[in-house]
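Here is a model to read alongside its sequence. Work through the questions with the coordinates open.

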Amino acid sequence: MFLPTLLTQATPEQQDRFFMPAWNLEIIGTYAQTEMGHGTHLRGLETTATYDPSTQEFILNSPTVTSIKWWPGGLGKTSNHAIVLAQLYTQGQCKGLHAFIVPIRQLGTHEPLPGITVGDIGPKFGYDEMDNGYLKMDNYRIPRENMLMKYAQVEPDGTYVKPVSDKLTYGTMVFIRSFIVGDSARSLSRACTIAIRYSAVRHQSELKPGEPEPQILDYQTQQYKLFPLLATAYAFHFVGAYIKDTYHRISGDISKGDLSELPELHALTAGLKAFTSWTANAGIEECRMACGGHGYSRCSGIPDIYVTFTPSCTYEGENTVMMLQTARFLMKSYTQVASGQQVTGMVSYLNDLSRQRIQPQHVAARTVTVRINDPTSLVEAYKSRAALLVESAAKNLQAELNHRKSKEDAWNRTSVDLVRASEAHCHYVIVKLFTAKLAEVSDAAVRAVLTDLCLLYALFGISRNTGDFLQAGILTSAQVTQVNQHVKELLAVIRPNAVALVDSFDFHDVHLGSVLGRYDGNVYENMFEWAKKSPLNKTQVHESFHKHLKPMQAKL
């Protein structure tokens, strides 16, 4: 995050001073935003940067124990600089969060600089190779020029120059959230590759008495566990590519002064970051369990994938809070439509409200003819579901406000509905983007296989959320039965291509890091070799025998 922040928030002069030394690893940087007491709630961050016009310096302080920077990767022992997010004070006023380039260690000796207390936060759930650190600053001074001033500035006399938009300083977070969407796809793809390859190698039990043990991938229950996750990995891959392209396109517009799409970019990256990381996190664990007992061994590779990926559900914005940020955009869009305005982008489906004139019935209650074998028709079903849940959340929010509650109290009392609305919106976006991608595939055979995956993703999602589709009148009970049946039929259709579909992710064995998911399928021989390399096997008789077992046995 250090380099992207320099690129997006530093002036050309600052980039000359800091970017190339960072690129050449003379400066090793980290991004210090999260504090011990505050993470996602940025306005609650307590670190201060007070401007002193007499010396043209900022004085940085960690005024409380909860204000200590906590968790930045590489901060503990590696970095010699940090981009610190702090509350800016100048001319007696707080101007909110701003970013500062802060030297924390002496170049050459790597010793912490006076006024800096820095170290590693200790063992974690996993990801032990990363030195996540803490940073405490006591009256630590940096030059005025070390404030990143591409958008906001502090002049030598302390005069504050406002940015065009407060959200411009959130660019790095938006970038990282868009990256996490792609990382969700990659991590889930790795887990699916391991589980599906191993399921093709592993033989177990009997389908028919007297016949050879079948591959466990031939069991419908195993397919039901893994193939929807495979379809999800493909869906997230396409969504990740879309959100990356969208980020770069809108970033280009922002650099030209066009901020019109920034609110939706912020909302979309927040919601999709949460949706994809939640789903991938659960999916990786499902893949581990689908590998049986061997999945629990680190030789499977899946435990390492899980512990490395799972923090993405809480870093760069805790997922529930991210969904609520998306919900704010959805509620604002709903209000605009209710007042007669048109909305664009991924929320344009709310424009149907204007034609309904905000009647008491749900906007999504209009007749929807759903063809369960047609991805385009399923997009319409998901669109109607999203409209239903957005409208329902908006009306529930208004009902709470009508009870003379404060806006904050009403929001809290409606937050479960708001998260569900955001989830439905994100689910619609993913089905829409997956379906749109099919038209771009020129190879008919490849398109046919991807269409099966797209149908499985959409139909499996319906089967897991049937209440929404029934309640809205989008599907009938008979259609839900057809959906569940078609999901099972698609499992059999996808089965012959399952291994090829994970092979197409093109993970080399070194990157996959899995004995179970080896490309050559030689699992058992290599599992034995892997086990023999255990540190406990360096000696035939472990020291614990002489230290504990032998003395205990001597007393018997």
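The questions below treat this predicted model one element at a time.

Q: Is Thr5 buried or exposed?
A: Thr5 lies in helix α1, which spans residues 2-9. Its relative accessible area is 1%. Buried means under 20%, so Thr5 counts as buried.

Q: Which residue offers the backbone oxygen that the side chain of Thr5 reaches?
A: The Thr5 side chain makes a polar contact within the 3.5 Å cut-off. The distance is 2.6 Å. The backbone oxygen belongs to Met1.

Q: Are α1 and α2 roughly parallel or antiparallel to each other?
A: Helix α2 covers residues 12-23, and its axis is 10 Å from that of α1. The two pack at an angle of about 160 degrees. Angles over 145 degrees count as roughly antiparallel, so α1 and α2 are roughly antiparallel.

Q: Is the crossing of α1 past α2 left-handed or right-handed?
A: The angle and the axis distance are about 160 degrees and 10 Å. The handedness is a separate descriptor, and for α1 passing α2 it is left-handed.

Q: Which strand lies in the middle of the order of the open sheet of 3 strands?
A: The pairing in this sheet is antiparallel. Its edge strands are β4 and β7, each pairing on one side only. The order is β4-β8-β7, and the strand in the middle is β8.

Q: How many bridges join β7 to β8?
A: Strand β4 (residues 69-70) is joined to β8 by 2 bridges. There, Lys69 stands opposite Leu135. Strand β7 (residues 116-120) also runs antiparallel to β8, and the number of bridges between them is 5.

Q: Which residue of β8 is the bridge partner of Asp120?
A: β7 and β8 run antiparallel. Ile116 has Met137 as its bridge partner in β8. For Asp120, the partner in β8 is Gly133.

Q: Which residues form the uncovered face of β8?
A: In a regular strand the side chains alternate between the two faces of the sheet. Strand β8 covers residues 133-137, and its covered face holds Gly133, Leu135 and Met137. The uncovered face is made of Tyr134 and Lys136.

Q: Are α4 and α5 roughly parallel or antiparallel?
A: Helix α4 (residues 220-255) and helix α5 (residues 262-290) have axes 10 Å apart. They pack at an angle of about 155 degrees. The cut-off is over 145 degrees, which makes α4 and α5 roughly antiparallel.

Q: How many nonpolar residues does the contact of α4 with α5 hold?
A: α4 passes α5 in a left-handed crossing. The contact includes 7 polar and 2 charged residues. The nonpolar count is 17.

Q: How does Thr279 count by relative accessibility?
A: Thr279 is found in helix α5. Its relative accessibility is 26%. That value falls between the 20% and 50% cut-offs, so Thr279 counts as partly exposed.

Q: How far apart in space are Thr279 and Leu453, C-alpha to C-alpha?
A: In sequence, the two residues are 174 residues apart. In space, their C-alpha separation is 17 Å.

Q: Are α9 and α12 roughly parallel or antiparallel?
A: Helix α9 (residues 375-402) and helix α12 (residues 444-464) have axes that come within 10 Å. Those axes cross at roughly 30 degrees, and the crossing is left-handed. Angles under 35 degrees count as roughly parallel, so α9 and α12 are roughly parallel.

Conventions:
Residues numbered from 1 in each chain as written. Predicted model: local features only at pLDDT ≥ 70, side-chain atom pairs only at ≥ 80, totals over all residues. Heavy atoms only, no water. Helix = DSSP H or I, 4+ residues; strand = E, 2+ residues; numbered from the N terminus. Buried < 20%, exposed > 50% of the residue type's maximum accessible area, 1.4 Å probe, protein only. Polar contact = N/O pair within 3.5 Å; in protein donor to acceptor, adjacent residues only side chain to side chain. Axes fitted to C-alpha atoms, helices over the stretch in contact; angles between N-to-C directions. Parallel < 35°, antiparallel > 145°, perpendicular 65-115°, else oblique. Left-handed = near helix turned anticlockwise from the far one by under 90°. Nonpolar A, V, L, I, M, F, W, Y, C, P; charged D, E, K, R; others polar. Pairing = 2+ DSSP bridges.
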